[in-house]
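Notebook open. I want to look up surface patches and a few side chains on them.

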Amino acid sequence: MENDTNNWNTSEDINSVGKGKLDSLENNIKELESMIKERNTLSNNFIKEGEGMKSNIKTFLIENSPEGEGDSEFARERSELRKKQIEISELQLNEKVNCWRDIALLKKEFRENIKELNEKKSRSDMLGRILSE
């Protein structure tokens with residue numbers, strides 16, 4: 001009867017155990033950080049554009065203010081422009097809320113990924129210590 005012995009070489013394999021999952025989590029974390037920054041930038045750009053539009057409307061209204069009895073058609077157009085300013089302000093407020101909500105969800109996912117990454121690294125380190133003893 002032949003004496004079969006399994007020689008396990010764990011020194012090379014231990015580093016590759018779960019490496020794919022760790023790499024994937026690290027990539028997800030980087031991507032989430034990028035998404036948070038991009039969402040913030042997008043929101044800030046939207047707010048700035050809205051401010052620019054409102055400023056242009058305000059400037060137009062000031063430059064074209066009636067000096068006396070105004071034409072009723074022009075008065076109606078001025079009123080419509082003021083309504084547009086209000087609509088833009090409402091859109092900006094909605095954007096701020098939506099941005100906050102989106103970033104909160106991304107940060108939640110970010111924290112979950114960090115937690116999972118830390119747990120997996122801890123397990124991997126523990127397994128490495130056990131196998132090296």
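I began with Leu127. This is a predicted model, so I read every value as computed from it. Leu127 comes out at 35% relative accessibility. I log Leu127 as partly exposed, because 35% falls between the 20% limit for buried and the 50% limit for exposed. I placed Leu127 in helix 3.

Next entry: the patch around this residue. Which residues make the nonpolar surface patch? I found Met126, Leu127, Ile130 and Leu131. Their patch covers about 340 Å². Leu127 can belong to such a patch because its 35% passes the cut-off of over 30% relative accessible area.

Then I turned to charge. I looked up a negative surface patch and noted its members as Glu31, Glu38, Glu109 and Glu112. Which helices supply at least two residues each of the negative patch? I wrote down helix 2, spanning 19-63, and helix 3, spanning 72-132.

I picked one member, Glu109, for a separate check. Glu109 sits in helix 3. Is Glu109 buried or exposed? I have to put Glu109 in between: its relative accessibility is 39%, so it counts as partly exposed.

Last entry: Glu77. I found Glu77 in helix 3. Its relative accessible area is 39%, so I filed Glu77 as partly exposed. I also checked Glu77 against Leu61. In sequence, 16 residues separate the two. In space, I get 9.8 Å from C-alpha to C-alpha.

Key
Residues are numbered from 1 along each chain as its sequence is written. This is a predicted model: local features need pLDDT of at least 70, side-chain atom pairs count only at pLDDT 80 or more; totals for chains, interfaces and linings use all residues. Side-chain values use heavy atoms; hydrogens and water are left out. Patches are made of residues with over 30% relative accessible area and no salt bridge: like charges are joined within 9 Å, nonpolar side chains (Val, Leu, Ile, Met, Phe, Trp, Tyr) within 5 Å. Accessible areas come from the Shrake-Rupley method with a 1.4 Å probe; for residues, only the protein chains shown count as cover. A salt bridge is a side-chain nitrogen of Lys or Arg within 4 Å of a carboxyl oxygen of Asp or Glu. Lys and Arg count as positive and Asp and Glu as negative; His and the chain ends are not counted. The place of a charge is taken as NZ of Lys, CZ of Arg, CG of Asp or CD of Glu. Helices (H or I, at least four residues) and strands (E, at least two) are DSSP runs, numbered from the N terminus. Buried means under 20% relative accessible area, exposed over 50%, partly exposed in between (1.4 Å probe, protein chains only).
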